[in-house]
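Visitor: I have a structure to look at and a few questions about its ligands. Could you guide me through it?

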Amino acid sequence: MSNFSIEPSFLAQVLAGKTCISLPYCLPNGTHVQVMDEGVIRFEPKDPGDRQLDVVLSCGIHGNETAPVELLDQLISQILDGQLRVRARVLFVFGNVEAMRQGVRCVAQDMNRLFCRLPDVDDGDEARRAAMLEMQLMRFFSRSIQDGKPRLHYDLHTAIHGSLIEKFAIYPLPPHGRDFDPLQVARLACAGVDAVLLQSTTSTTFSFFSSQHCGAAAFTVELGRAMPFGQNTHIDLSKMQSYLEGLISGELPDYDGVPAHIGLYKVSREIIKQSDVFVLRVDAKMDNFTPLPVGTVLAEDGDIQHVVDEDDARMIFPNPYIEIGQRAGLVIVPAKGYSR
Ligand SMILES: O=C(O)CCC(=O)N[C@@H](CCC(=O)O)C(=O)O
Ligand SMILES: [Zn+2]
């Protein structure tokens, strides 16, 4: 990508293979811009004293989840053409570029299962890309760790199936046994998210990486159902767009507690596929958050039977078409006892 150009869009240039690391340059309004790698672009305010926070906005970790990619591309265009004033350091990441080109979730390996691991000489393209993105985030957040600015990461996705709650987030709990921050949940509500899943287990996702290793308040955000590029008009991302525009312009909204309408859930257990005779006994296409009565057989895996024994259980991300050792679904329950 050469210096300051609005057309074609950043996304179009990424898909055409025309972005790679570049020298930093300035927009006419003084905003600093640098392409850090293919599909990775950083903006910094003209006046360092203007900077309120550091935020990573990522999408396309799954290449067929296009609505968030279109949203972030629009924000990048608004910055490049001077409509959106930058008062934060912002790193935009288009995650799995090759999968985006092919319109598939992944090419060989699910990239959101490849974070927080040691690199290996046999790593494929997606594992190497995940390791490179980890380095980009470590580098980006190292400045905010030094000077104490708020660190945020929103990793935007869309889900394979429908969902009774269209927009929800997974919130990896901060390290060292710290509790979740109600203010972060309230900010997600402001962005149009209606339920938050508090995740206390370890994970291999991008948001888990930035929470654990960069000390960022980090979230995987599901924004509706995955559709090809240009077919996302059914998803209303206006609240998310306004919220992100606010962050980029340095506005970090403050709230008292978690809004009453937000559903708070926690992971009761993960259903891991342990053998090639694994069978899901519930409809693999059922909507996320579908209630599951006690006694429902969820899956069978050789001698193992997964049966619901939790009150008020629901399942999200049911998917039997995964490799052995991976997650075939999450059983979640309401998180009780949290003050709002
Ligand atoms: O709809 C599905 O089954 C998957 C949607 C998706 O990509 N979800 C993320 C969630 C990540 C997390 O648990 O934080 C994923 O599976 O990677
Ligand atoms: Zn995804």
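Visitor: Which residues coordinate the zinc ion (ligand 2)?
Guide: Keep in mind that this model is predicted. The donor distances run from 2.0 to 2.4 Å. Glu65 is listed twice, each time through OE. The histidines use ND1, and the full set of residues is His62, Glu65 and His157.

Visitor: What spacing do the donors of the zinc ion follow along the chain?
Guide: Read the donors in chain order: His62, Glu65, His157. Glu65 is in the loop between β4 (54–59) and α2 (67–80), while His157 is in strand β6. That pair links distant parts of the chain, 92 residues apart. The spacing is H-x2-E-x91-H.

Visitor: How far is a polar side-chain atom of His62 from an oxygen atom of ligand 1?
Guide: His62 already serves the zinc ion through ND1. A polar atom of its side chain also lies close enough to ligand 1 to count as a polar contact, where the limit is 3.5 Å. The distance to the ligand oxygen is 3.0 Å.

Visitor: What are the distances for Glu65 and Thr220?
Guide: For Glu65, take a polar side-chain atom and an oxygen of ligand 1: they lie 3.4 Å apart. For Thr220, a side-chain N or O atom pairs with a ligand 1 oxygen at 2.8 Å.

Visitor: How much of ligand 1 does the protein bury?
Guide: Ligand 1 sits in the largest pocket. Taken alone, it exposes 430 Å². Of that area, the protein buries 99%.

Visitor: Which element gives the largest share of the shell around ligand 1?
Guide: The shell holds 15 residues, and Asn112 and Arg113 are among the closest. Two elements give two or more residues each: β6 (151–159) and β9 (217–225). The largest share is 3 residues, and it comes from β6.

Visitor: How many residues of each class are in that shell?
Guide: Sort the shell into nonpolar, polar and charged residues. The counts, in that order, are 4, 6 and 5.

Terms used: Residues numbered from 1 in each chain as written. Chains lettered and ligands numbered in written order. Predicted model: local features only at pLDDT ≥ 70, side-chain atom pairs only at ≥ 80, totals over all residues. Heavy atoms only, no water. Near = heavy atom within 4 Å. Polar contact = N/O pair within 3.5 Å; in protein donor to acceptor, adjacent residues only side chain to side chain. Areas by Shrake-Rupley, 256 points an atom, 1.4 Å probe, with all protein chains shown as cover. 1 Å grid on protein atoms, 1.4 Å probe; cavity = no way out; pocket = protein on both sides within 12 Å on 5 of 7 lines; lining within 4 Å. Sits in = over half its atoms within 2 Å of the grid points. Helix = DSSP H or I, 4+ residues; strand = E, 2+ residues; numbered from the N terminus. Nonpolar A, V, L, I, M, F, W, Y, C, P; charged D, E, K, R; others polar. Donors = N, O, S within 2.8 Å, 3.2 Å for Na, K, Ca; no water.
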